[in-house]
Amino acid sequence: MIAPTFHKQLTRFPSVAAAILDNLKHQKGRLDPKQSQSLMRCLNIPWDELLETLLPLATALTVNPISRFPVGAIVEGYRESGHGPLYFGANLEMPEIPLKLTVHAEQAAVCNAWHQRETRLRQLIVNNAPCGHCRQFLNELNHIDDIIVTIKRLNSKKIARYQMADLLSDSFGPANLNQTDRLMSSASTEIQLAEPYTKDALAVAAADAAANSYAPYTQCYSGVALQLSNGQIITGQYAENAAFNPSMTAIESAMVNWRLADLATPENPAHVTHAVLVEKKAMISHREITENILSSYGIKLTTVVV
């Protein structure tokens, strides 16, 4: 899962700035506002330029063995005043798995923020124009009409800023399916485990992820929990989309969080020893697709249907 380029990118910053950015490894790819303020003072640059400066670092998170095309994205959490935390993400490709399950950089950054309990975003910056798949995925977000999308290609001085109406005109979204919920809203669903899973830490973590997932169209609320060899538990939440195909499964979200967790141990990345999927019984199921992805890593899945 790990690529050394992220750590090489850190060395391109002045030592004081690199020390601040080193916190990304232990904060799941997040920079807090105080850390960003310190970086602006250290580098003597304004906020927008800081985001542009950090974009190559986000891009270095990429895992792209198929396309060899790195894409990085950063999203800012919304605050009523001042700047919010920054969350990093990059495209993740999985050999032996259909291309449809590739995680795009914009999805990864949003997933990172959502799993760290952000409910709204102020802006997104990405190093390439979002594809149609990503524009549809982003269109599901809470307060999407207020989010600014900035495109800043690497090694280019050109910067373009858009709102979603510019990127996806005459769009199809939740309202077309009579849904008022939005991805990243704070709504949750009750998930109750039965014995013996109530005492299983991995199942409890997967159930919590399922409770915080977003599935207004199928009600297949689902979550995945991965037990890492270093004792850490990584979770992933399902994110549904009004257009269906851009939906992001819980295992895809978990892969993003696994990638971020590996930043802390680049020389000895943890491997997954066990995995649990908890999902609410519905007209669809994520069991088979989750099993297929994990089997490529030699991991057996336990599925709990509630």
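Is tryptophan 47 buried or exposed, and at what relative accessibility? Tryptophan 47 counts as buried, at 7% relative accessibility. Here, buried means under 20% relative accessible area, exposed means over 50%, and partly exposed is in between, using a 1.4 Å probe and protein chains only.

Before going on, a word about the model. This is a predicted model, where local features need pLDDT of at least 70 and side-chain atom pairs count only at pLDDT 80 or more, while totals for chains, interfaces and linings use all residues. Residues are numbered from 1 along each chain as its sequence is written, and side-chain values use heavy atoms, with hydrogens and water left out.

**Tryptophan 47 and its helix**

You'll find tryptophan 47 in helix 4. Helices (H or I, at least four residues) and strands (E, at least two) are DSSP runs, numbered from the N terminus. Tryptophan 47 and histidine 83 sit 36 residues apart in sequence, and their C-alpha atoms are 8.7 Å apart in space. Their side chains are joined by a polar contact of 3.5 Å. A polar contact is a pair of N or O atoms within 3.5 Å; within protein, one must be able to donate a hydrogen and the other to accept it, and residues adjacent in sequence count only if both atoms are side-chain atoms. Setting aside residues up to four places away in sequence, tryptophan 47 also touches residues including Ser36, Met40 and Glu76, where contact means heavy atoms within 4.5 Å.

Now look at helix 3 (residues 33-43) beside helix 4 (residues 47-59): their axes come within 10 Å and cross at roughly 95°. Axes are lines fitted to C-alpha atoms, for helices over the stretch in contact, and angles run from 0 to 180 degrees between N-to-C directions. That crossing makes helix 3 roughly perpendicular to helix 4; angles of 65 to 115 degrees get that label, under 35 is roughly parallel, over 145 roughly antiparallel, and the rest oblique. Ser36, Leu39, Met40 and Leu43 in helix 3 meet Trp47, Leu50, Thr53 and Leu54 in helix 4.

**A helix tucked inside**

How many of the residues of helix 5 (residues 105-115) are buried? The count is 11 of the 11, so helix 5 is largely enclosed by the rest of the structure. Its buried residues pack against strand 2 (72-77), strand 3 (86-90), strand 4 (121-126), helix 6, strand 8 and helix 9. Arginine 117 follows helix 5, and its phi is positive, near 75°.

**Cores**

The largest nonpolar core has 64 residues, and Leu21, Leu54, Phe88 and Leu141 have the most contacts inside it. Apart from that one lies another core of 37 residues, among them Ala215 and Met255. A nonpolar core is a set of buried Ala, Val, Leu, Ile, Met, Phe, Trp, Tyr and Cys residues joined through side-chain atoms within 4.5 Å.

**Loop residues**

Here are some residues found in loops.

| Residue | Loop | Relative accessibility |
|---|---|---|
| Asparagine 139 | helix 6 (132-138) to strand 5 (148-152) | 7%, buried |
| Threonine 249 | strand 8 (233-237) to helix 9 (250-261) | 9%, buried |
| Aspartate 170 | helix 7 to helix 8 | 81%, exposed |
| Asparagine 178 | helix 7 to helix 8 | 70%, exposed |

Aspartate 170 isn't a glycine, yet its phi is positive, about 50°. Asparagine 178 isn't a glycine either, and has a positive phi of about 60°. Proline 196 is also in the loop between helix 7 (164-167) and helix 8 (201-211), and a cis peptide bond joins glutamate 195 to proline 196, with omega about 5°.
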